[in-house]
Amino acid sequence: MTEEKKGRAERKTAISLAEAGIGSIFYVHSIEGSAVECHRLRELGFCEKAEVVKLAHGAMTVCLVCGSKLGLNKGLAKRIFVTSAKKDSAL
């Protein structure tokens, strides 16, 4: 499978971080939004292929990324698309 086809197939299975299950491990697939927001999220560690563990959701989505716990509002969590890391997960 070519990289382009693989990327399209992964995008179809990507879900927003807001929709992701609590306690699961994910990889960041892509980030949508303005260039400034995307840049800031990447500075916080939400780079493509970064491992993310969603810890809680509600008014804030709390996740573990790059060894730090971060809280994101629902709007930002909806702009971060993740894919499951099932084969690496103990869940």
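**Lys54 and strands β3 to β5**

Guide: A polar atom of the K54 side chain lies 2.9 Å from the backbone oxygen of A20. The model is a predicted one.

Visitor: What makes the pair formed by the side chain of K54 and the backbone oxygen of A20 a polar contact?

Guide: The cut-off for such a pair of N or O atoms is 3.5 Å. The separation here is 2.9 Å, so the pair falls within that limit.

Visitor: How do you know that K54 has no salt bridge?

Guide: The nearest side chain of opposite charge belongs to E19, 8.8 Å away. A salt bridge requires a side-chain nitrogen and a carboxyl oxygen within 4 Å, so E19 does not qualify. K54 is nevertheless buried, which means that its relative accessible area is under 20%.

Visitor: Where in the chain is K54, and which residues does K54 contact beyond its sequence neighbours?

Guide: K54 belongs to strand β3, residues 51-56. With neighbours within four places in sequence set aside, its contacts include A18, E19, A20 and G21, as well as T61, V62 and C63. E19 is therefore a contact of K54, having heavy atoms within 4.5 Å, although no salt bridge joins K54 to E19.

Visitor: Why are β3 and β4 called paired?

Guide: Two strands pair if there are at least two bridges between them; β3 and β4 have four, so they pair, in the antiparallel sense. One of the bridges sets V53 against L64 in β4. The two strands form a hairpin with three residues between them, and G58 in the turn has a positive phi of about 160°.

Visitor: What makes β4 and β5 a pair?

Guide: The count is six bridges against a required two, so β4 and β5 (residues 68-73) are paired, again antiparallel. In β5, L72 is the bridge partner of T61. Two residues separate the strands of this hairpin, and C66 in its turn has a positive phi of about 55°.

Visitor: Which side chains of β4 are buried?

Guide: In strand β4, residues 60-65, those of T61, C63 and V65 are buried and point to one face. M60, V62 and L64 point to the other face and are not buried. Such alternation between the two faces of the sheet is what a regular strand shows.

Visitor: How many helices and strands does the whole chain have, and how much of it counts as buried?

Guide: There are three helices and six strands, in the order α-β-β-α-β-β-β-α-β from the N terminus. Of the 91 residues, 33% count as buried.

Methods. Residues are numbered from 1 along each chain as its sequence is written. This is a predicted model: local features need pLDDT of at least 70, side-chain atom pairs count only at pLDDT 80 or more; totals for chains, interfaces and linings use all residues. Side-chain values use heavy atoms; hydrogens and water are left out. Buried means under 20% relative accessible area, exposed over 50%, partly exposed in between (1.4 Å probe, protein chains only). Lys and Arg count as positive and Asp and Glu as negative; His and the chain ends are not counted. A polar contact is a pair of N or O atoms within 3.5 Å; within protein, one must be able to donate a hydrogen and the other to accept it, and residues adjacent in sequence count only if both atoms are side-chain atoms.
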